[in-house]
Amino acid sequence: MPELPEVETTRRGLAPLVEQRRILRAVVRHRGLRQPVPHGLERRLAGAHVRALSRRGKYLLFDCETADREAGTLLVHLGMSGRLWLVDARIPPEKHDHFDLVFDSGRAIRLRDPRRFGLVLWLKGDPLAHPLLASIGPEPLTADFDGAVLHRATRSRGAAIKLAIMDGHVVAGVGNIYANEALFRAGIDPRTPAQRVSRARCDALAREIRAVLGEAIEAGGSSLRDYVGSDGMAGHFQNRFFVYGRGGEPCMRCGTAIRELRQGQRASCYCPRCQKR
DNA sequence: CCGACAACCTGTGAGC
DNA sequence: TGCTCACAGGTTGTCG
């Protein structure tokens, strides 16, 4: 479900409802996520105070102070099928509702993740020093990322540019949808060897990555299948896809049929006329 | 370091 | 209707 815009939409929706609030209790119904949900998490979270909710790549970070005044971070990743939203704590959980964070307001944050590729961890100390976060590439929407950074990171890569921008160590948070869309907007064939993308085209690609992510956040993310935001409302950026999921349909710019192929076990969609190597 | 591929898991839709 | 297969928004680990 979620790439960076969907995670950021979730963060923005939840932040005002969890920041500076007290957690009554945490409920874990299924510990078998990408990594096991740690035992003792419920104990640490009971009575904890949420100071802030932030994001790094596709990870959500709940900055907490526990009841015995220890600092720590609840780290949540939504994987492929995860969704985190606010419910009345009395609403009974459904089959794939693995985790609840119940607040003193009587509401709860609920994690639903059918495929269980998501993650719920407790981090002590500096969360950004944790291996999962320390190796993540630059945030695409801050000054840490631009064409120069992208150009430098791709000089030794002979593999396709699409695989490079989807590698979280090159740039954080760009998944399959927005990689396809950014490449279309920048006019770059997704199969182009990364090291053969010029500095000028890296500038254009970095610019389009930032633009498409920013526009998607403004639209509340993309709603495919059952994804809805933290307030239960669907995002609507999926109505503005140029290529993703449009194989065989005419290009919205030139009318040529959009082509679809596989790169790294993922679908790539592109316009053979508008996108060049 | 880089790249190719399998793995984790469930649900859904297409095709027969 | 029911079976099998491919595929779905992500990341990590292994092997060459």
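Let's start with how chain A holds together in this predicted model. Take the contacts between residues at least 6 apart in sequence: 64% of them join residues at least 24 apart. That's a lot of information about the fold in one number, so let's see what it goes with.

Look at the building blocks next. Chain A contains seven helices and ten strands. Its radius of gyration comes out at 20 Å, close to the 19 Å that the globule rule gives for 277 residues, so chain A is as compact as a globular protein of that length. If you follow the C-alpha trace along its principal axes, you'll find that it spans about 60 × 35 × 30 Å.

Now, inside and outside. Of the 277 residues in chain A, 52% are buried. On the outside, the chain exposes about 12,300 Å², and carbon and sulfur atoms supply 49% of that area. As for charge, there are 45 positive and 30 negative side chains, and the centres of these two sets lie 5 Å apart.

Finally, let's zoom in on a single residue, Ala 186. You'll find Ala 186 in helix α6, which covers residues 176–186. Is Ala 186 buried or exposed? Its relative accessible area is 18%, and buried means under 20%, so Ala 186 counts as buried. Which residues does it touch, leaving aside its neighbours within four places in sequence? Ala 186 is in contact with Ala 204, Leu 205 and Glu 208. For a sense of distance, try Gly 214: it sits 28 residues away from Ala 186 along the chain, and the C-alpha atoms of the two are separated by 15 Å.

Key
Residues are numbered from 1 along each chain as its sequence is written. Chains are lettered from A and ligands numbered from 1 in the order in which they are written. This is a predicted model: local features need pLDDT of at least 70, side-chain atom pairs count only at pLDDT 80 or more; totals for chains, interfaces and linings use all residues. Side-chain values use heavy atoms; hydrogens and water are left out. Helices (H or I, at least four residues) and strands (E, at least two) are DSSP runs, numbered from the N terminus. The radius of gyration is taken over C-alpha atoms; the globule rule is 2.2 Å times the number of residues to the power 0.38. Buried means under 20% relative accessible area, exposed over 50%, partly exposed in between (1.4 Å probe, protein chains only). Contact means heavy atoms within 4.5 Å. Accessible areas come from the Shrake-Rupley method with a 1.4 Å probe; for residues, only the protein chains shown count as cover. Lys and Arg count as positive and Asp and Glu as negative; His and the chain ends are not counted. The place of a charge is taken as NZ of Lys, CZ of Arg, CG of Asp or CD of Glu.
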